[in-house]
Amino acid sequence: MGSRASTLLRDEEIEEIKKETGFSHSQITRLYSRFTSLDKGENGTLSREDFQRIPELAINPLGDRIINAFFPEGEDQVNFRGFMRTLAHFRPIEDNEKSKDQNGPEPLNSRSNKLHFAFRLYDLDKDGRISRDELLQVLRMMVGVNISDEQLGSIADRTIQEADQDGDSAISFAEFVKVLEKVDVEQKMSIRFLH
Amino acid sequence: FHLSHKVTRVVPESALLIVLGLVLGGIVWAADHIASFALTPIVFFFYLLPPIVLDAGYFMPNRLFFGNLGSILLYAVIGTVWNAATTGLSLYGVYQTGIMGHLNSGLLDFLLFGSLIAAVDPVAVLAVFEEVHVNEVLFIIVFGESLLNDAVTVVLYHVFETFVAIGPEKVTGIECVKGVVSFFVVSLGGTLVGIFFAFLLSLVCRFTKHVRIIEPGFVFIISYLSYLTAEMLSLSSILAITFCGICCQKYVKANISEQSSTTVRYTMKMMASGAETIIFMFLGISAVNPDIWTWNTAFILLTLVFISVYRVIGVVLQTWILNHYRMVQLEIIDQVVMSYGGLRGAVAFALAVLLDDTKVKEKNLFVSTTIIVVFFTVIFQGLTIKPLVQWLKVKKTEHREPKLNEKLHGRAFDHILSAIEDISGQIGHNYLRDKWSNFDRKFLSKVLMRRSAQKSRDQILNVFHELNLKDAI
C-alpha cells in the first residue's frame, strides 16, 4: 500500500463502503489501490478510456457493455463508491448472510441483484424486456462471425420461445429469472475477491 | 441382476459381482480342489485397467475437472501420502506392542503395505458412485482423486519396495530425496506422455477424412500406446492414459465423423463395462484360493479401522484448509461422503499380489488383508452409501435437458466474470480459462482440428443443433 493510496481513503469512507457492499477492510483497500492504478488522470474517478485500457477487456465480447454498467445513467465518470457498488454484485453469497435480517435492504450480491445486473447488460433500451433484436446483438457478439444471420436469428427465436411465458416475444425480468432458476447463479456470478 | 430391480437398487452391482465370483471360485475349488483362475497383475494392469481409465478420461467433464483441479490434487497427493504414512506407522506401532503376534516384518514392510492399501481406487469409485448420483462437484473430486493418486501410489510402492529389497540398514536420506524427486518425475512424465499422445491422436484424426472406417481404431490404439509407453518408461501409466483422454476429447470429437464418434463411445463404454465386470468377478474368484489365506485377526481389523479413521481425519483436515481458497465451500455432508467414498479396489489387490514374497515375507498376510479390505469397502460401504446419501440429503445431480437459455446466459456470465476479474486485477479461474480458450482458438485448434470442424464447434450451436434434432425426430 503506497502512502498516497491510504491517505486518500478515509476510515469513515471505508466503513460506509463496508456497510453498503459487505466487502472486508482489506478487500476494500486492495481494490482501492487497483482503482488508483487504473486512474491515469489521477482525479479520483475513472472514465471509459481508463477501463478500455485494460487489455483483456478489449477482446471480451461483452466488454463495452460491462464498462457501461459501471457508469450511472448519463454520466462519464465513476468514483470509488460507484466502482465498489458495481463490484459488490459479484461477491459470493456467504452463509451467515442468508440468515441476516430480512427487513433491511437486499444486499447487493443477492441472487436477484446478480441476475438484474446481467439482465441490464442485455436490455440496452432499459424497457424491462429483452427484445429479439437485443438478444440478436448479444448473440452476434458472443457466438462470433462464422455463423450466418439466419442461424443466429433462429437461435434467438428459439431462446425467446423457451423463456417466453406471456407471449410477447420478449423476455421480461421475471421470465429471465424463471428460466434460470435451476442454474446455480450464486456460483456462476461470483468471484472470490482476494484479501 | 438386471432382471430383478429390487436387488440392484439396494445392492451395488460390484458387490453382487464379487459374490458371484466367490461362488464361482467356490464351485471350481470344490470340483477340483485347485484354484485355477486368479487375477494376475499382468492381465489386470495391461488389459483390464486401461479401458476403464481411458473411458473415464475421454468422457471427463473437463471444465469441472480443471475447475476443481487444485482440490483434486491436494487430496490425491497429500491425502494419499497421509493415508499411507499413518496407516503404515500405526500398524507398525501396534505390531510393536505385540498384539498381532509374531510377524516377519519390519517397519518398511508395514509402510509398503500402507502405501498399497492407501489409494482410493477409480474402478470401485466409478462402480459405486455411478449408482448413487451425487452432485457433480463431489463426484469429480473423489473420482479425480482416485485417478490422480496413481502417481503417488506407484512411487510410494516402488520406493518402499526397493527399500525393503535393499534392507532397512541401507536406507539413507539420499534415498528418501530420490523418492520425492521420482514422484515428480513419474507424475509429470506420465502426464506429458499422455498429452503428447493426445496431440498425436488429434493430429492423426485431422487427416482421416478419407479413411473414416478406421478412425475409431486410431483412438483406441494410440491411447493404449500412451499407456504402454508410460509403463515402459516406468512412469505413471494411469496418468498418461487419463490425460490422453482428457486432452484429446475435444479435438477428436470435432474431427471424426458422427458414426465414428458413436462407435468410439459405445465401444469404449462396452470395454470399460466388460473390464469392470471381469475385475470384480476375478476378485471374487481369486479370493477362493486356500494357499494364500493367512489370517491374523488383529492385523486385519486394525487395518480396516485405521484406513477408515485416517481417511476421515485426512479429509477433514484437508477440507478445512481448502475451504479458505475455494469459492464453493465443501460442507460437512460433502466431507462425510468423501470419506465414506474412499473405496479400495482391485489396484490395491493387484499391487499386493505383485509383491515379491522372498523379500516381503508376509506377502500372504498382506494379500489376504487386502482382499478383506477391498471386499469390505466395496460391499459394505457400497451397500450403505446409497441410504447414507439419501439420509444425509446430499445434493444430487439433476439430469436436465440442455436449455438454450442456460447455455447462452451461462456463456454471458462467463464473459462477465472474466471482465470483472480483469477490472479488479485478479487472476482467477475465469481469467485462466479465457486465456486458455484464446490460446486454443488461435493455435491449437488450427493445428489439430479440421478446417470444416473449426467453424461449427461452438457450444451454443451444439445445443441448438441437438434441440433441433430432437424436434425433428
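**Close-up views of a two-chain model**

**View 1. A salt bridge in chain B joins R311(B) and E145(B).** In this predicted model, the side chains of these two residues come together at 3.2 Å, N to O. The pair links distant parts of the chain, with R311(B) in helix α13 (residues 297–322) of chain B and E145(B) in helix α8 (residues 136–166) of chain B, 166 residues apart. Both partners are out of sight from the surface in the sense that R311(B) is buried and E145(B) is buried too.

**View 2. R85(A) and E20(A) form a salt bridge in chain A.** Here the side chains meet at 2.5 Å, N to O. R85(A) belongs to helix α7 (residues 80–88) of chain A and E20(A) to helix α2 (residues 11–21) of chain A, so this pair ties together parts that are 65 residues apart in sequence. R85(A) is partly exposed, with a relative accessible area of 35%, and E20(A) is also partly exposed, at 30%. Take a look at the neighbours as well: E16(A), E20(A), R81(A) and R85(A) are joined into one network by salt bridges that share partners.

**View 3. K178(A) and E181(A) pair up in another salt bridge.** The N to O distance between their side chains is 3.3 Å. K178(A) is partly exposed, at 41% relative accessible area, and E181(A) counts as partly exposed at 46%. If you would like the wider tally, there are 11 salt bridges over all chains.

**View 4. Chain A meets chain B at an interface that buries about 4,200 Å².** Carbon and sulfur atoms give 67% of that area. The contact involves 51 residues of chain A and 47 residues of chain B. On the chain A side, R158(A), K188(A) and R192(A) supply 15% of the area that chain A buries against chain B, more than any other three residues. How many salt bridges cross the interface of chain A and chain B? The count is zero, while two residue pairs are in polar contact between the chains. Helix α11 (residues 149–163) of chain A gives the most to the side of chain A that touches chain B, with seven residues.

**View 5. A nonpolar patch sits on the surface of chain B.** Its members are V19(B), L20(B), V23(B), L24(B) and I27(B), which together have about 390 Å² of accessible area. To find your bearings, start from V19(B), which lies in helix α2 (residues 13–32) of chain B. V19(B) is partly exposed, with a relative accessible area of 39%.

Definitions and conventions:
Residues are numbered from 1 along each chain as its sequence is written. Chains are lettered from A and ligands numbered from 1 in the order in which they are written. This is a predicted model: local features need pLDDT of at least 70, side-chain atom pairs count only at pLDDT 80 or more; totals for chains, interfaces and linings use all residues. Side-chain values use heavy atoms; hydrogens and water are left out. Patches are made of residues with over 30% relative accessible area and no salt bridge: like charges are joined within 9 Å, nonpolar side chains (Val, Leu, Ile, Met, Phe, Trp, Tyr) within 5 Å. Accessible areas come from the Shrake-Rupley method with a 1.4 Å probe; for residues, only the protein chains shown count as cover. A salt bridge is a side-chain nitrogen of Lys or Arg within 4 Å of a carboxyl oxygen of Asp or Glu. Helices (H or I, at least four residues) and strands (E, at least two) are DSSP runs, numbered from the N terminus. Buried means under 20% relative accessible area, exposed over 50%, partly exposed in between (1.4 Å probe, protein chains only). Contact means heavy atoms within 4.5 Å. Buried area is the accessible area (1.4 Å probe) that two parts lose on being put together, summed over both. A polar contact is a pair of N or O atoms within 3.5 Å; within protein, one must be able to donate a hydrogen and the other to accept it, and residues adjacent in sequence count only if both atoms are side-chain atoms.
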